[in-house]
Structure formats: structure tokens, C-alpha cells
Amino acid sequence: MEALSSVLSSVLDLLAPVMCVGCESGANVTAALCERCRDELRSAVPVAWRLRAAGHGEYGMRIPAFAAARYEGVVRSAVLAYKERGRQELRHELGGALFVACLAACRMLVPGVSRGTPVWLVPVPSRRATVRERGHDAVGGVARAAVAELRRVGVRAGVAPVLRQARAVADQAGLTASERAANLAGALALRPPRRSAVLRDHAVIMVDDIVTTGATAAEAWRVLVADGWAGAGVAAIAATPRRDSARGHLLPPASGPRLCG
């Protein structure tokens, strides 16, 4: 299905002028982005903050979260074009952004992991109807692209699609943070077989394309923790960190690819 979507996108590009999804310019556009917008996406400042997950003790749990950029400008346009308009040529670029967030998670969350220990990216699953409508698994696609980049710098990484939708949920658009949390409570579960001792002993990073209120990530975290997984945190392409209990802050400059791989 993803291959068909990519072919259709290529055919449309031949029939119509290629425009940048960020600024709608037709100059120097490669893989849906002009040179200026690509540079803007790649130079975005990563963000780290903590998501609040209710139901984990009296005061809840704060989940470390990392994003390659804030959800605005070119980043927002590129993510929407990839997800909603089938612009598959953006997968590699957005996978590179997710790669940045995953490197930050490795560096700050699992510094004690011995070199050579696998790191598993667990994609947050989309609704089956959404995947059918879009013609591709948006989060799974960028997760695989991010894994390719992680391996390129020596991190033993893989994608572990162990989560599934356990029940139907309402469209999240327009819902408040509390409504999203209620909508997603109990919505995710592990795919059978329920337990995997091999995966549970390794570093795990949940990945998503966008983190807004964090309700989806919190539900995914709940499922993994309940099964004994050592979830390290959340990594996303972009996020809109809340300013109350989860104040966002800039990540320190990276010192190179020597992280947890």
C-alpha cells in the first residue's frame, strides 16, 4: 500500500508543478521541500520535557519526552503533508528528525546501557481505519527510517510494533487534555504473545509523529510498564509541550553519535 501511494505521488508530480510543502515555492524543490525549508527543518531546535501520566502512584508519573522540533512552521507543514496527503517522499526527512529525538533519548535516558545493547523503537499504533484511509502507516514508516539512521551511526536499533488498538476511540481533534486521556484510557494493548522476555530486557523508546497533550504516549507507557517493559521515554518528530507541569526546555548540544549503541 505504501509503495502504491509513493507511485501515485510520483505520477502526480509529473502531471503538476512540484511545489514545496513548506512555502509553496517551485524553486529548487527536492523530495517535496525547497532548500530553504529543508535547512529550516534540519536546523530546528530539539525540545525535552516531561509528560504526566496519571494512575502511576499517588502523584502520577512524569515520562521523559524528546522531540526534534516544535510543531509549527515548516515542521508542521511537512508532517501534515506526509500524514494526510500521502507525500511519501518526506518519510526519509521526517525519519531523520525522529532520529534526532531518539538519539537524545539514548543519550539522556539510557547512558548506562552497555555498547551493543539493542534499542527498540515502539511505534504508537494508528487506528486501522486511519491507516486504510491514508494508505500508509505514518508512524511505522518514520520509525523504520529513524532505525536506518540509528544503525548508520552504530546503534543496534530495531522497530518493535508490539502495541495494537484494543478498542475503538473517538477522533482526538478538538478534545481537551482530560477528554483525550479519557478517550484513550484502556485503548491500547500488547500484541500476542503478550510477554517477550528478550525485548523487555532491552532499552525501549516509544515513538510518535506528534505529541500534543501526551495522552497517547501515557497510555502506551501504561501498557508497557504493566507488562514489565523498561520504557525509557518518548521520542517524536514534533511536539507542543504544555507550559504547566511539563515545561519544555532546549536540549544541550550533541557531542556526536557516541550514545547508547
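Which side chain makes a polar contact with the side chain of Asp 209? Keep that in mind while you get your bearings; the tour comes to it shortly.

**Stop 1: the whole chain**

You are looking at a predicted model. Colour by secondary structure and you should find nine helices and 11 strands. Now switch to colouring by confidence. The average pLDDT is 77, and 66% of the residues score at least 70. Two stretches deserve caution. Select residues 243-248, where the pLDDT is below 50; this stretch still has 14 contacts in the model beyond near neighbours in sequence. Then select residues 250-261, again with pLDDT below 50, and with 29 contacts beyond near neighbours.

If you like surfaces, turn one on. The accessible surface comes to about 12900 Å², and 54% of that belongs to carbon and sulfur atoms. Of the 261 residues in the protein, 48% are buried. Among contacts with a separation of 6 or more, 74% are between residues 24 or more positions apart.

**Stop 2: Asp 209**

Hide the surface and select strand β9, residues 203-211; Asp 209 is in this strand. Show its side chain together with that of Lys 83, and there is the partner from the opening question: the two side chains make a polar contact at 3.1 Å. Asp 209 counts as buried because its relative accessibility is 8%, and the cut-off for buried is under 20%.

Next, bring up what is around this aspartate. Leaving out residues up to four places away in sequence, Asp 209 touches Lys 83, Val 139, Ala 236, Ile 237 and Ala 238.

**Stop 3: Gly 233**

Move over to strand β10, residues 231-239, and pick Gly 233. This glycine is buried, with a relative accessible area of 1%. Add Cys 102 to the selection and check the C-alpha atoms: Gly 233 and Cys 102 are 131 residues apart along the chain, yet their C-alpha atoms are separated by 9.4 Å.

**Stop 4: the nonpolar cores**

Which residues have the most contacts inside the largest nonpolar core? Select Leu 90, Leu 94, Leu 121, Ile 205, Val 207 and Ile 237; they are the ones, in a core of 49 residues. Now highlight helix α4, residues 91-109, which supplies the largest share of this core, 10 residues.

Zoom in on Val 207. Not counting residues up to four places away in sequence, Val 207 touches Leu 98, Cys 102, Leu 121, Val 122, Pro 123, Val 124, Val 139, Ala 143 and Ala 235. Apart from the 49-residue core lies another one, of 26 residues, among them Trp 49, Val 122, Leu 190 and Ala 217.

**Stop 5: the cysteines**

How many disulfides does the model have? The count comes to zero. To see how that plays out, select Cys 23, Cys 34 and Cys 37 and show the sulfurs. From Cys 23, the closest cysteine sulfur is in Cys 34, at 3.7 Å, which is too far for a bond. From Cys 34, the closest is in Cys 37, at 3.6 Å, and that is also too far. The cut-off here is 2.5 Å between the sulfurs.

While you are there, are Cys 23 and Cys 34 buried or exposed? Cys 23 counts as partly exposed because its relative accessibility is 29%. Cys 34, at 4%, counts as buried.

**Stop 6: two backbone oddities**

Pick Glu 24, in the loop between α1 (2-15) and β1 (29-30). Glu 24 has a positive phi of about 65° although it is not a glycine. With a relative accessibility of 62%, Glu 24 counts as exposed.

Then go along to Ala 31, in the loop between β1 and β2 (33-34). Ala 31 is another non-glycine with a positive phi, about 55°. At 36% relative accessibility, Ala 31 counts as partly exposed.

**Last stop: Arg 87**

Finish in the loop between α3 (73-84) and α4, where Arg 87 lies. Is this arginine buried or exposed? Arg 87 is buried, with a relative accessible area of 13%. Show Glu 89 as well, and you can see a polar contact of 2.6 Å joining the side chains of Arg 87 and Glu 89.

Definitions and conventions: Residues numbered from 1 in each chain as written. Predicted model: local features only at pLDDT ≥ 70, side-chain atom pairs only at ≥ 80, totals over all residues. Heavy atoms only, no water. Helix = DSSP H or I, 4+ residues; strand = E, 2+ residues; numbered from the N terminus. Buried < 20%, exposed > 50% of the residue type's maximum accessible area, 1.4 Å probe, protein only. Contact = heavy atoms within 4.5 Å. Areas by Shrake-Rupley, 256 points an atom, 1.4 Å probe, with all protein chains shown as cover. Polar contact = N/O pair within 3.5 Å; in protein donor to acceptor, adjacent residues only side chain to side chain. Core = buried A, V, L, I, M, F, W, Y, C linked by side-chain atoms within 4.5 Å. pLDDT = per-residue confidence, 0-100.
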